[in-house]
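This report describes the fold of one chain and the way in which two chains meet. The sequence and structure are shown first.

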Number of protein chains: 2
Amino acid sequence: MSELRKDPISGRWVIVAEDRAARPNAFCNPPEPIPSGECPFCEGRESDTPGEVLATREAGSARDDVGWRVRIVPNKYPALNAAGRFDSPRDGFYEGTDGIGYHEVLIESPEHVRSITEIPDLHVRETFRLCRERILAYKKDPRLVYALIFKNVGTAAGASLEHTHSQLVATPIVPTAVAEELERELGDGARVVLDLPEFAVLCPYASRFSYETWIVPKTHASHFEAIPPADVDALAAAVKQTVGRIEAQLSWPAYNYVIHTAPLDGQAMDHYHWHVEIIPRITSVAGFELGAGVYINQVAPEKAAAALRNLERSDEARLRQAMSQSAR
Amino acid sequence: MSELRKDPISGRWVIVAEDRAARPNAFCNPPEPIPSGECPFCEGRESDTPGEVLATREAGSARDDVGWRVRIVPNKYPALNAAGRFDSPRDGFYEGTDGIGYHEVLIESPEHVRSITEIPDLHVRETFRLCRERILAYKKDPRLVYALIFKNVGTAAGASLEHTHSQLVATPIVPTAVAEELERELGDGARVVLDLPEFAVLCPYASRFSYETWIVPKTHASHFEAIPPADVDALAAAVKQTVGRIEAQLSWPAYNYVIHTAPLDGQAMDHYHWHVEIIPRITSVAGFELGAGVYINQVAPEKAAAALRNLERSDEARLRQAMSQSAR
């Protein structure tokens, strides 16, 4: 059983999850990825994971058997567990609660590939469709108020398994529901990478990381799960294209992406825009960042946006090569 | 010239420092350390760094020559520069300013060793004494309001040079001056590692990182630089001893430490306690941490504190071995 603790001074929540220490390489930094021959996410090794929660499958294939395209299973070493109670405060001055919630893994391909750009477009679309379905399911649990979906690629981004996957976490606390207001960024073309019909892709003014790139819906919406199904497919294409540009520009870096959305139990929020943040991990988080909470970015966002925007023209062959592996 | 930018939504500051991209391995994560033979911090290579700002030296030795014990030089690839103006806002909606400030390197030993525990006690004392002197000097520049001192050891902690060193950064903005109130932690023995005459060493209730350990002065003081000179030496001993215990327990991990202190221009603050945070980097900062601002800690602080506290008894030989290298 894990535990949620609130720092009495900063209000910051921490998850104390001792069960995760049982993971292979739990304390190895950078983690050593499990070799493909032993990968529990590969097709044919379905019994190495907990039983599936949701999947897209070939007609006639059976649950927890081969024949899936995209598959969601509980995390074998979860940071949060469905069992338990939300009670707070627990210890006088110190606020805390059982670590209730969900921690699931979305395996985006039965094949042992590394990045979202290496899988067929259908799998990318189904990935985001299933994310939406899971959030709608989490909303039915009255104990849960927040969901975060993120992806770690490469050891420098914290991935301990190489096989392409995302993670879904639903929590009984709201981590940092900062009201955000993004419309202004769209007005300033200097930091726009792509101007798509449904989404704007941009490098924000105060980017923490070099080549940090956000995908923002043009129609105001605070909740990702309220996205119309047709727009899910457009989002899938935008994520794949944007990550492809970043990979072509930076030679396949480690990266994270995160879907930022409003709290589960909230009403539509006027000032919050759901969006996807993509963070290439080409520099480390070191003492200054941990100590001051201030990031040092070595590439002005205007230059990063221009480089990503102009990639088609200046480096078309390289971009096509990066994308062709996956345009099945 | 670097630039300070404030995120218009979160209020978070970012440093855009394009000059730092010229560093060797600037975009290599984890960074590849420069081999000892080419190390610009070793004795005899003083001309490889900018001219020294401050040093402790053998009698008769000359500035920027051999014979130093501890030496402060400007960072060759600074995130902030002394020249420039503080003006804000700069661009209508977007707040920002020239990246003014100081970014200096404190080389803690003429010998090519890695950790604070490998240098003589005299050098450790002089390290903290010079830190104090530099902060007192920064305070004389009316443009500057904050100073952060931190140390990165090991590539997983973001160190790009292996040779033991700290960094000093003075800024014209206050990064995250959260009022902190630490007395309560001291009352709860479960998380106390060491109870020294001047300092308490503890693993805080909501530790973000496994084995995160804080050194807190027992006498209330908001500003590190106001520390009595005798206490500087006690702090040096406490840091060395605490890092030594962490190294013995975790087999020489990468680590950061950070001196947290109140803003330069402030009055004494009732609720802020200066302190040192030591963060072993045995797990990565991944998508969940970056996305939610919530850390997952795999070792309960009570267990970490007990392990570090009992090390003397349970693993005395190992601890002595770790410490003996440096007890010169």
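In this predicted model, Phe199(A) has Pro217(A) of β11(A) as its bridge partner. The pairing to which they belong joins β10 (residues 199-202) and β11 (residues 213-217) of chain A through 4 bridges, and the two strands run antiparallel. Strands of a sheet pair through backbone hydrogen bonds, in either a parallel or an antiparallel manner.

Both strands are part of an open sheet of 10 strands in chain A, with the order β3-β4-β6-β8-β7-β12-β13-β11-β10-β9 and antiparallel pairing. Its edges are formed by β3 (54-57) and β9 (192-195) of chain A, each of which pairs on one side only. From one strand to the next, the twist averages 15°.

Two helices of chain A contact strands of this sheet, as the table sets out.

| Helix | Strands of chain A touched | Approximate angle |
|---|---|---|
| α1(A), residues 121-138 | β3, β4 (68-74), β6 (102-107), β7 (146-153), β8 (165-171), β12 (255-260) | about 30° to β4(A) |
| α3(A), residues 229-250 | β9, β10, β11, β12, β13 (275-280) | about 15° to β13(A) |

Chain A as a whole has 7 helices and 14 strands. Of its 328 residues, 52% are buried. Among contacts in chain A with a separation of 6 or more, 69% link residues 24 or more positions apart.

**Contact between the chains**

Chain A and chain B each contribute 64 residues to their contact. On the side of chain B that touches chain A, at least two residues come from each of β1 (3-6), β2 (13-16), β7 (146-153), β12 (255-260), α4 (287-292) and β14 (295-297) of chain B. The largest share, 5 residues, is supplied by α4(B). Sorted by class, this side of chain B holds 37 nonpolar, 15 polar and 12 charged residues.

Strand pairing also crosses from one chain to the other. Strand β14 (residues 295-297) of chain A is joined to β2(B) by 3 bridges, and these strands run parallel. Within this pairing, Tyr295(A) has Val14(B) as its bridge partner.

**Symmetry**

How are the two copies related? Chain B is superposed on chain A by a rotation of 180° with 0.0 Å of shift along the axis, at an RMSD of 0.0 Å. The copies are therefore related as by a two-fold rotation axis. Among the residues of chain B, Val285(B) comes closest to the rotation axis, its C-alpha lying at 3.7 Å. The same surface serves both copies, as 100% of the contact residues of chain B recur in chain A.

How values were computed: Residues numbered from 1 in each chain as written. Chains lettered and ligands numbered in written order. Predicted model: local features only at pLDDT ≥ 70, side-chain atom pairs only at ≥ 80, totals over all residues. Contact = placed C-beta atoms within 7 Å. Nonpolar A, V, L, I, M, F, W, Y, C, P; charged D, E, K, R; others polar. Pairing = 2+ DSSP bridges. Least-squares fit on C-alpha atoms with pLDDT ≥ 70 in both. Buried ≥ 20, exposed ≤ 12 C-beta atoms within 10 Å, placed from the backbone. Axes fitted to C-alpha atoms, helices over the stretch in contact; angles between N-to-C directions.
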